[in-house]
Amino acid sequence: MTLHADIAVQLGTLDLRAELHVADGELLALLGPNGAGKSTALRAVAGLQPLHDGVVQVDDRVLDQPCAGTFVPPEQRPVGVVFQDHLLFANMTVLENVAFGLRARKVSRADARHRALEWLERVGLADTAHDRPAALSGGQAQRVALARALAIDPRVLLLDEPLAALDVGTRAMVRRDLRRHLASFAGMRLLVTHDPVDAYALADRVAILEQGRIVQTGTLAEVAAHPRSRYVADLVGVNLVTGNVVDGVLHTDRGAHVVIADAPAGPSFAVIRPHSLAVTRDLPAGVSSRNVWRGVITDIDRLGERARLGIDGALPLTAEITLAALDALALRPGDEVHVAAKATDIEVYPA
Amino acid sequence: MISGVMSRRTTARPPVVVLVLAAIAVTFFALPLLGLVWRAPWSNAWEYLTEDDALTALRLSLWCSAWSTVASFVFGVPLAWTLARVPFRGNGVVRALCTLSMVLPPVVGGVALFFALGRRGLVGQWLDDWFGIRLPFTTAGVVVAQTFVAMPFLVITVEAALRQMDRRVEDAARTLGASSWYTFRRVTLPAIRPALVAGGVLAWARALGECGATITFAGNFPGTTQTMPLAVYLSLETNPEAAIVLALVMIAISFAVLVGLRDRWFGRQSRPELSA
């Protein structure tokens with residue numbers, strides 16, 4: 001009982017080839033930067049974007065398989081969608097919006113309205129039933145969109161950036177609400193987002209999509225612990241170094257050396273956490289067991305008690321030091337510094 | 001918040017040059033109307049108006065323009081939808097063809113219709129032979145002539161609205177299980193309602209004022225094909241006073257419809273099609 005999607009779509013400059021699996025009761029977040037193809041993947045599952053190759057299958061039912069000539073149109077798929085800006089029908093009342101799917105499926109008017117009202121009660125909006133969508137707040141509109149999508153009793157629920165249209169003030173609250181309401185839906189759920197906070201709060205598992213390819217899947221903790229791309233490393237806030245390990249030293253393309261504790265030879269990733277780095281003006285003493293790299297400070301971001309330094313050199317790094325250390329060293333952009341790391345603080349895993 | 005922004009925008013002082021030019025434009029439209037009112041034989045107006053011919057022409061005009069508006073909707077909305085949504089080769093050529101009658105002199109349009117649908121016309125001969133349908137010089141012919149010149153106004157208005165509307169709303173309807181026909185009826189048409197009304201009014205107004213194509217294709221028979229504009233045109237030579245009264249009646253009716261519909265429908269045009 002799963003959603004299985006092996007998606008191949010070429011659309012303008014986008015070349016999307018992504019394989020997704022969502023188990024029953026699972027929420028998979030498709031996380032990636034803008035333009036990676038997340039929404040296209042979602043539209044492919046919904047049937048709004050026909051595949052060019054591959055297959056979309058829910059349970060045992062094939063919904064799209066170009067090589068077999070199978071294509072089930074969106075209105076016949078067991079799939080509900082919550083769109084980015086909700087896309088409620090402005091000319092209908094909130095109740096009519098939620099009843100729309102049932103009416104489209106030939107459910108009698110009275111029955112459809114009755115069931116729609118039940119859904120509105122479930123999302124706590126029964127008192128807005130006769131309002132127009134324009135009268136709703138962003139969070140309310142989203143709950144109506146959710147009720148509308150769930151009212152048709154889909155097997156799969158797709159959510160396209162459900163929190164992106166909301167302003168920052170209400171987003172946290174709406175996210176909590178959404179989490180609660182999503183928990184009551186037992187089917188398969190696929191969430192598309194560019195915000196790791198959404199993925200953290202809502203998803204069981206994430207798939208990272210970059211430039212049309214899935215680069216990593218797993219629980220968010222797994223993905224965060226072993227990033228496999230710059231994008232994920234930036235999301236998590238760590239330095240990711242790629243290179244080749246020979247005799248306990250990782251050599252990067254730009255000729256930098258990273259001494260590591262021990263790791264098998266071959267192409268590898270190394271994660272260097274910003275707060276594990278020590279920054280000094282002069283070459284630190286006792287360098288035997290440590291890595292020391294020279295670089296120039298490009299920028300300084302003060303974040304509460306700590307500061308993040310962008311340092312450019314043979315090994316570009318982000319370092320995080322205390323404000324006290326920053327002031328003591330009187331560092332400014334353009335200053336040359338030494339950055340040191342213990343080999344044991346660097347985590348290495350095969351590429 | 002949005003309404004606050006809008007009201008601030010409308011209370012901002014408009015540039016004087018624009019206002020002056022706009023005032024000249026209004027005067028340009030108002031003056032001819034005043035000319036008619038000034039020359040109107042007010043003492044005999046009621047007599048002219050209640051003459052059988054006048055009433056018959058008025059009734060026929062309203063009847064025919066209503067039917068040609070209906071015909072424009074029935075065929076024009078699907079045409080607009082096809083032009084806006086179905087990508088096909090020669091889309092531009094078809095659009096030009098279907099809006100050609102807007103720029104064609106109406107008399108030429110009427111003659112062309114005659115060659116096509118007349119009793120010896122390209123298609124008309126078969127209509128006559130097979131179905132016994134004769135359009136020229138009949139009331140149906142008036143409706144045909146009016147539709148020919150009026151429908152493009154509806155088509156271009158509706159097509160523009162279809163192109164502008166957010167098609168993702170239709171996607172949303174599809175994912176909820178709505179067939180494309182159900183989506184068209186329940187989502188697409190309501191979303192473009194202001195354009196449907198505007199296009200319908202334009203088409204109706206054009207049909208009501210239609211003169212050239214009607215007289216060449218349908219002739220000028222009181223009771224069957226003599227519409228108000230024809231009656232006005234012909235009375236100008238025989239009885240100018242009556243012509244002025246008839247013209248003023250037509251203007252009054254059109255004016256009432258335009259103003260009434262504006263308040264009822266166009267006030268909502270600024271309403272967002274989507275809730276944010």
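Visitor: In what order do the strands of the open sheet that contains E16 and E20 of chain A run, and how are they paired?

Guide: Good place to start. Keep in mind that this is a predicted model. In general, strands of a sheet pair through backbone hydrogen bonds, either parallel or antiparallel. Here the order is E16-E20-E17-E18-E19 in chain A, five strands in an open sheet, and the pairing is antiparallel.

Visitor: Which strands stand at the edges there?

Guide: Those are strand E16 (278-280) and strand E19 (317-322) of chain A. Each has a single partner strand, so one side of each is left without a neighbour in the sheet. As for the twist, neighbouring strands of this sheet are turned by 45° against each other on average, direction ignored.

Visitor: How many bridges join E17 to E20 in chain A?

Guide: You'll find 7 bridges between strand E17 (residues 290-303) and strand E20 (residues 336-342) of chain A, and the two run antiparallel. To trace one of them on your screen, start at Val296(A): its bridge partner in E20(A) is Glu336(A).

Visitor: Let me try another sheet. What is the order of the open sheet that includes E14 and E21 of chain A?

Guide: Read it as E14-E13-E12-E15-E21 in chain A, an open sheet of 5 strands with antiparallel pairing. Strand E14 (257-259) and strand E21 (347-350) of chain A are the edge strands; each has a single partner strand, so one side of each has no neighbour in the sheet. The twist averages 40° from one strand to the next.

Visitor: And which residue of E14(A) is the bridge partner of His251(A)?

Guide: His257(A) is the bridge partner of His251(A). As for the strands themselves, E13 (residues 249-252) of chain A and E14(A) pair in the antiparallel sense over 3 bridges.

Visitor: Can we zoom out? How many helices and strands does chain A have?

Guide: Chain A has 9 helices and 21 strands. Its C-alpha trace spans about 80 × 45 × 35 Å along its principal axes. The domain assignment splits chain A into domain 1 (2-227) and domain 2 (237-350). The centres of these two domains of chain A, taken over C-alpha atoms, are 41 Å apart.

Visitor: What share of chain A is buried?

Guide: Buried residues make up 41% of its 351 residues. You can also look at how the chain folds back on itself: of the contacts in chain A with a separation of 6 or more, 61% are between residues 24 or more positions apart.

Visitor: Now helices. How do I read helix H5 of chain A?

Guide: First, the general idea: an α-helix has 3.6 residues a turn, so residues three or four places apart point the same way. Now the case here. H5(A) (residues 168-183) has 16 residues and reaches 23 Å from its first C-alpha to its last, close to the 22 Å expected at 1.5 Å a residue. Its buried residues are Val174(A), Arg175(A), Leu178(A) and Leu182(A). These pack against strand E3 (27-31), helix H4 (138-150), strand E9 (188-193) and helix H6 (196-202) of chain A.

Visitor: What about the loops? Where is Leu87(A) found?

Guide: Look in the loop between strand E7 (79-82) and helix H2 (94-104) of chain A. Leu87(A) has a positive phi of about 50° although it is not a glycine. With 26 C-beta neighbours inside 10 Å, Leu87(A) counts as buried.

Visitor: And where is the place of Gln211(A)?

Guide: Gln211(A) sits in the loop between strand E10 (205-210) and strand E11 (213-218) of chain A. Its phi is near 50°, a positive value in a residue other than glycine. Gln211(A) counts as partly exposed, with 16 C-beta neighbours inside 10 Å.

Visitor: Is Asn34(A) buried or exposed?

Guide: Asn34(A) is exposed, with 8 other C-beta atoms within 10 Å. You'll spot Asn34(A) in the loop between E3 and helix H1 (38-46) of chain A. The C-alpha atoms of Asn34(A) and Thr193(A) are separated by 9.1 Å, while the two residues are 159 residues apart along the chain.

Visitor: Last one: how many residues of chain B are in contact with chain A?

Guide: 19 residues of chain B are in contact with 27 residues of chain A. The largest share of chain B's side, 6 residues, comes from H9(B). That side divides into 11 nonpolar, 4 polar and 4 charged residues.

Terms used
Residues are numbered from 1 along each chain as its sequence is written. Chains are lettered from A and ligands numbered from 1 in the order in which they are written. This is a predicted model: local features need pLDDT of at least 70, side-chain atom pairs count only at pLDDT 80 or more; totals for chains, interfaces and linings use all residues. Two residues are in contact if their C-beta atoms, placed from the backbone, lie within 7 Å. Helices (H or I, at least four residues) and strands (E, at least two) are DSSP runs, numbered from the N terminus. Ala, Val, Leu, Ile, Met, Phe, Trp, Tyr, Cys and Pro count as nonpolar, Asp, Glu, Lys and Arg as charged, and the others, Gly among them, as polar. The expected span of a helix is 1.5 Å times one less than its number of residues. A residue is buried if 20 or more other C-beta atoms lie within 10 Å of its own, exposed if 12 or fewer, and partly exposed in between; C-beta atoms are placed from the backbone. Domain bounds come from an automatic or database domain assignment. Two strands pair if DSSP finds at least two bridges between them. Axes are lines fitted to C-alpha atoms, for helices over the stretch in contact, and angles run from 0 to 180 degrees between N-to-C directions.
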